[in-house]
Structures are given as C-alpha cells and as structure tokens.
Amino acid sequence: MINKNTILPHNQIIQLDCVTAIRELPDNSVHLILSDIPYGIGTEDWDVLHDNTNSAYLGSSPAQQKAGVIFKKRGKPINGWSKADREIPHQYYEWCSKWAAEWLRVLKPGGSAIIFAGRRLGHRSISALEDAGFSFKDILAWMRDRAPHRAQRLSVIYERRGDDDCAKEWRGWRVGNLRPIFEPILWFCKPYKIGTTIADNVLNHGVGAYHQDAFARYVERSDNVIRCGYDSKEVGLHPTQKPIKLMQALIELTTQPGQTVLDPFAGCGSTLVAAKLLNRVYIGYEVNPAYVKICEERLADDLLSVLNHT
Ligand SMILES: C[S@@+](CC[C@H](N)C(=O)[O-])C[C@H]1O[C@@H](n2cnc3c(N)ncnc32)[C@H](O)[C@@H]1O
C-alpha cells in the first residue's frame with residue numbers, strides 16, 4: 001500500500017512492531033536505514049522467528065537424546081539435524097521478505113540500507129532484499145575486540161566417553177566454527193531512477209555517494225574493515241548491543257546532518273543515539289517495552305554528553 005500523505009515521525013523511539021508500523025511511513029522519505037536485525041539463530045524471544053521445534057538447539061533431536069549429556073544443548077542450531085531445523089534458512093528468508101519491500105519504498109532513491117546480519121543466515125537476507133528490488137552494494141567487516149570460542153574439543157568428547165585412544169588421536173581437533181571475530185555488515189542501495197546519473201541523484205535526493213573524509217575519522221584506512229570498540233559506559237544494555245561509535249561511522253559514511261535515519265529493530269537504541277549525536281533526525285521502532293525505556297533514557301541529553309566522542 002502506498003501512503004504518500006502520511007507524516008514522518010521526528011526524533012522518536014516508537015514501541016511498535018516495525019513490520020506493520022513501517023507501512024505508515026511516506027514514500028521516499030528516509031535517507032538511511034541502519035539496523036542490527038534479529039539474526040534468526042537464537043532462542044531469545046526477540047530472535048526466534050522460526051515457527052518450528054528447533055530441536056538441535058534445544059537439545060531434543062534424536063541424536064542428542066542418544067548421546068546424552070555431551071551434546072545436550074548446542075550453542076547454535078548449526079547442523080540442522082531435524083527437518084524443522086533445516087527449514088530455518090527458508091523461514092529467515094520469508095521473514096526478511098515481509099519487510100524488505102517496505103524498506104525499499106520508504107527510502108529515498110540512492111539511499112542506503114545497512115544491516116548487521118549473522119554469518120550463516122546473512123545470505124538469505126541478501127536474497128530477500130535483492131528480490132525486493134535493492135542493489136546489494138558491499139559487505140563490510142566489523143572486527144570485534146573479542147569473541148567467545150564455543151567449538152568443542154573432539155578429544156574432550158572422547159575422553160568423556162572413556163575412549164583414550166581416540167582422544168589422543170584427535171587431539172587438536174574441534175567441532176563447530178572458528179572464533180567469530182568479525183561481523184558482516186551488509187550494505188544495500190535503493191536504485192535511482194533509470195535515465196539519471198548518480199551525480200544527479202545526489203543533487204536531487206541528497207544521497208547516493210559516500211563521505212570518505214568523515215568515515216576516515218573512525219577507521220585506520222578508508223577500507224571496508226571497521227575496528228570500533230565499546231566505550232566503558234555503554235555495555236550491558238542489550239545482548240547484541242553495538243558500539244555507538246560504529247553506528248556513527250556508518251551514519252557519517254552515508255548521510256549529512258539534518259537527514260533522516262531509521263532503525264526498525266532499535267534494541268537499546270545505539271543507532272538512535274549515534275544519529276542524535278550527529279544531528280540527524282532519528283526514528284526507531286522496538287517491540288520490547290523494556291528496551292524502549294532504555295532507548296528513552298539513553299536519548300536523554302545528560303547521558304549523551306557523556307558519550308559524545310565526536
Ligand atoms: C539485534 S537487536 C538490536 C540491538 C541493537 N544493536 C542495540 O545496540 O541495542 C534486535 C531488536 O529488534 C527487536 N525486534 C524484534 N522484532 C521486532 C519487530 N517486529 N519490530 C520491532 N522490533 C523488533 C528486538 O526486541 C531486539 O531488541
């Protein structure tokens with residue numbers, strides 16, 4: 001549905017389901033969508049979108065029950081033993097498709113949609129946004145300072161089974177993944193009008209180019225690897241909280257002061273705080289009232305002055 005006459009909210013965090021709420025935003029009104037979307041790999045209420053038994057993750061697959069305590073629970077549903085587990089990637093694609101077309105509609109031509117996405121399901125969000133009409137522009141890497149390494153040692157599994165020969169033979173081997181020290185950041189653009197140039201589009205809509213000089217203030221070189229850590233005062237508000245500085249780097253990369261930044265999955269509001277610090281108009285949606293309250297508190301002026309590093 002096209003809503004050309006609706007009004008764009010101004011500097012607000014709104015407690016609503018973004019999938020439906022975004023339908024109320026006007027066409028071509030937002031300069032940047034920047035969001036750390038649910039990755040679809042966790043069991044937290046806000047992340048589980050797959051309507052299935054998720055048996056491998058919850059420790060109820062037949063193989064897990066047979067193996068007993070050793071494989072009782074996995075960190076993530078990585079192998080997808082059950083048919084339902086193997087449906088997760090498709091369900092994630094379908095979930096992304098529910099909102100991708102609306103994101104395209106509300107963005108200005110040439111505007112960016114930048115999302116954090118999990119390494120294992122990110123390709124499904126790329127396909128969903130591409131199928132909705134976005135151009136997929138690039139993958140950036142956010143290098144984290146540290147990351148938990150959950151891959152099990154194979155020798156320990158055999159030791160617990162009392163099989164010392166196998167434990168010795170397989171020493172040094174693990175099952176699972178390498179340490180996940182980077183997170184992919186997926187960068188999409190709304191195509192601009194056929195028959196115009198990108199330079200014309202920038203003049204018409206204010207977006208479509210990237211600001212190398214501003215971005216260079218946050219990164220060692222203007223390449224596509226970003227190393228931004230947390231400020232000591234900005235941790236522990238959300239399980240997937242992102243550093244404000246990281247969000248600032250991405251906002252300055254793609255927008256100018258006064259332009260509008262939308263975060264449909266705002267969490268504790270890192271995007272919104274970053275946008276406010278940079279004098280952008282911000283709009284955030286978040287379903288969880290507890291996180292909305294944290295957003296409101298963080299957006300209060302006295303807190304912002306503590307966190308402003310720009
Ligand atoms: C990955 S977290 C974002 C965390 C954020 N990076 C931060 O720094 O706080 C995603 C958030 O989206 C919210 N969410 C999930 N589905 C939603 C929906 N349909 N509408 C609005 N918010 C939603 C969840 O409650 C969760 O807080």
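The exercises below work through a predicted model of a protein chain, each with a solution in steps.

**Exercise 1. Describe the overall make-up of the chain: how many helices and strands does it have, and what share of its residues is buried?**

Step 1. Begin with the secondary structure, which comes to 14 helices and 10 strands in the protein chain.

Step 2. Turn next to burial, where the buried residues make up 37% of the 310 residues.

Step 3. Finally, take the contacts between residues at least 6 apart in sequence, of which 70% join residues at least 24 apart.

**Exercise 2. Work out where strand β10 lies in the structure, buried or exposed, and which strands pair with β10.**

Step 1. Strand β10 covers residues 281–285, and five of its five residues are buried, so the strand is largely enclosed by the rest of the structure.

Step 2. Consider the directions in which these residues point: Val281, Ile283 and Tyr285 go one way from β10, while Tyr282 and Gly284 go the other way, and all are buried. In a regular strand, side chains alternate between the two faces of the sheet.

Step 3. Look for the partners of β10. Strand β1 runs parallel to β10 and is joined to it by three bridges, with isoleucine 13 standing opposite glycine 284. Strand β9 (residues 260–263) also runs parallel to β10, here with four bridges, and the bridge partner of threonine 260 in β10 is valine 281.

Step 4. Follow the chain from β9 to β10: together with helix α12 (residues 270–277), these two strands make a right-handed β-α-β unit.

**Exercise 3. Find the bridge partners of tryptophan 142, and state in which sense the strands concerned pair with β4.**

Step 1. Strand β4 (residues 135–143) pairs with strand β7 (residues 182–189) in the antiparallel sense over eight bridges, and in β7 the partner of tryptophan 142 is glutamate 183.

Step 2. Strand β8 (residues 225–227) pairs with β4 in the parallel sense over three bridges, and in β8 the partner of tryptophan 142 is isoleucine 226.

**Exercise 4. Explain why the buried residues of helix α13 can be said to lie on one side of the helix.**

Step 1. List the buried residues of α13 (residues 289–298), which are Tyr291, Val292, Ile294, Cys295 and Arg298.

Step 2. These residues cover an arc of only 160° around the axis, and therefore they are on the same side of α13.

Step 3. Check the face turned away from that buried side, which carries the exposed residues Pro289 and Ala290.

**Exercise 5. Identify which residues have the most contacts inside the largest nonpolar core, and which helix gives the most to it.**

Step 1. The largest nonpolar core has 63 residues, and those with the most contacts inside it are Ala113 and Ile251. Helix α5 (residues 88–106) gives the most to this core, contributing eight residues.

Step 2. Look at isoleucine 251 in detail: leaving aside neighbours within four places in sequence, its contacts include Leu32, Leu34, Val261 and Leu278.

**Exercise 6. Compare the backbone and surroundings of asparagine 11 and asparagine 28: what is the phi of each, and where does each lie?**

Step 1. Recall the general rule that most residues other than glycine have a negative phi.

Step 2. Asparagine 11 has a positive phi of about 50°, and asparagine 28 likewise has a positive phi of about 50°, although neither is a glycine.

Step 3. Asparagine 11 is in the segment before β1 (12–14), whereas asparagine 28 lies in the loop between α1 (18–21) and β2 (30–36).

Step 4. With 14 other C-beta atoms within 10 Å, asparagine 11 is partly exposed, and asparagine 28 also counts as partly exposed, with 13 C-beta neighbours inside 10 Å.

Methods:
Residues numbered from 1 in each chain as written. Predicted model: local features only at pLDDT ≥ 70, side-chain atom pairs only at ≥ 80, totals over all residues. Buried ≥ 20, exposed ≤ 12 C-beta atoms within 10 Å, placed from the backbone. Contact = placed C-beta atoms within 7 Å. Arc of directions from axis to C-beta. Core = buried A, V, L, I, M, F, W, Y, C linked by C-beta atoms within 7 Å. Pairing = 2+ DSSP bridges. Right-handed = clockwise from strand over helix to strand, strands pointing away.
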